[in-house]
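Student: Could you take me through one part of this structure, slowly and in plain words? I'd like a close look at a single helix and what sits around it.

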Amino acid sequence: MKKLFFVIVFIGLYSCNSTKQATTAASDKFVAEKLLDYDLKEVKERFSDANIEEGTNLYDEGTVERNYAILYPGTKDEMHITWNANNEIFDIRFAEEGKWRSASGVKVGTTYKELNELNEIPVSFYGFGWDYSGAVVWNGGKLEDTDLRVFLGAENEPSDKFYGDQVVKASPQEIENMNLKVQAVVLKKS
């Protein structure tokens, strides 16, 4: 009877672990950094279900032409990939609250407070209403030396003093009132 009990416990533990591994593997598929070393062929193989759209467009304020691929276009899991001249990934960007996240856990919708916790020290950010609206400055925190760029958006309309090409100086209460959340994530291969 004891042997039967141990066999049942072993099978139960093994099957739980297998389910956990399968779930982890599926969720790891949407860790953006994992794509940085892929070429277009590997992206197409790995994301055969992504209904990939391809094309060419101008970037860097219209000064550079790059090829692009859009994974899961028109869905909350939409991701844009641009390629450099060697057909290697130049950058990856996503701006919807889908499955994508960074290896550090940053995703669209991450709150300002959560971002500070992930960085382990408070971040700063640039003003709104320009090309790099809400760009985060890591201030030497844990995320400083990553390929991760994050842009915040304000859920509540910020006052005029929080607009423009400047690092925002705001009180904790002003930041709380804006209800800041990650609006876009960009990974640029270094």
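**A close look at helix α3**

Tutor: Sure, and keep in mind that this is a predicted model. Let's pick helix α3, which covers residues 112-119. Start with the side of α3 facing away from the buried residues: K113 and E117 are exposed there. Now turn to the buried ones, which in α3 are Y112, L115, N116 and N119. If you look down the axis of α3, those buried residues fall within an arc of 100°, so they line one face of the helix.

What lies over that face? The cover for the buried residues of α3 includes the strands β5 (124-125), β6 (136-137), β7 (148-154) and β8 (180-188), along with the helix α4 (172-178).

Let's zoom in on one of the buried residues, N116. Its relative accessibility is 15%, and buried means under 20%, so N116 makes the cut. Leaving aside residues up to four places away in sequence, N116 touches I121, P122 and V123.

Now step off the end of the helix. Just after α3 comes E120, and its phi is positive, at about 70°. Why point that out? Because most residues other than glycine have a negative phi.

You can find positive phi values elsewhere too, in the loop between β1 (53-59) and β2 (64-71), where D60 lies. Phi of D60 is near 55°, and D60 is partly exposed, with a relative accessible area of 40%. E61 is in the loop between β1 and β2 as well. This residue isn't a glycine either, yet E61 has a positive phi of about 55°. At 65% relative accessibility, E61 counts as exposed.

How values were computed:
Residues are numbered from 1 along each chain as its sequence is written. This is a predicted model: local features need pLDDT of at least 70, side-chain atom pairs count only at pLDDT 80 or more; totals for chains, interfaces and linings use all residues. Side-chain values use heavy atoms; hydrogens and water are left out. Helices (H or I, at least four residues) and strands (E, at least two) are DSSP runs, numbered from the N terminus. Buried means under 20% relative accessible area, exposed over 50%, partly exposed in between (1.4 Å probe, protein chains only). Contact means heavy atoms within 4.5 Å. The arc is that of the directions from the helix axis to the C-beta atoms.
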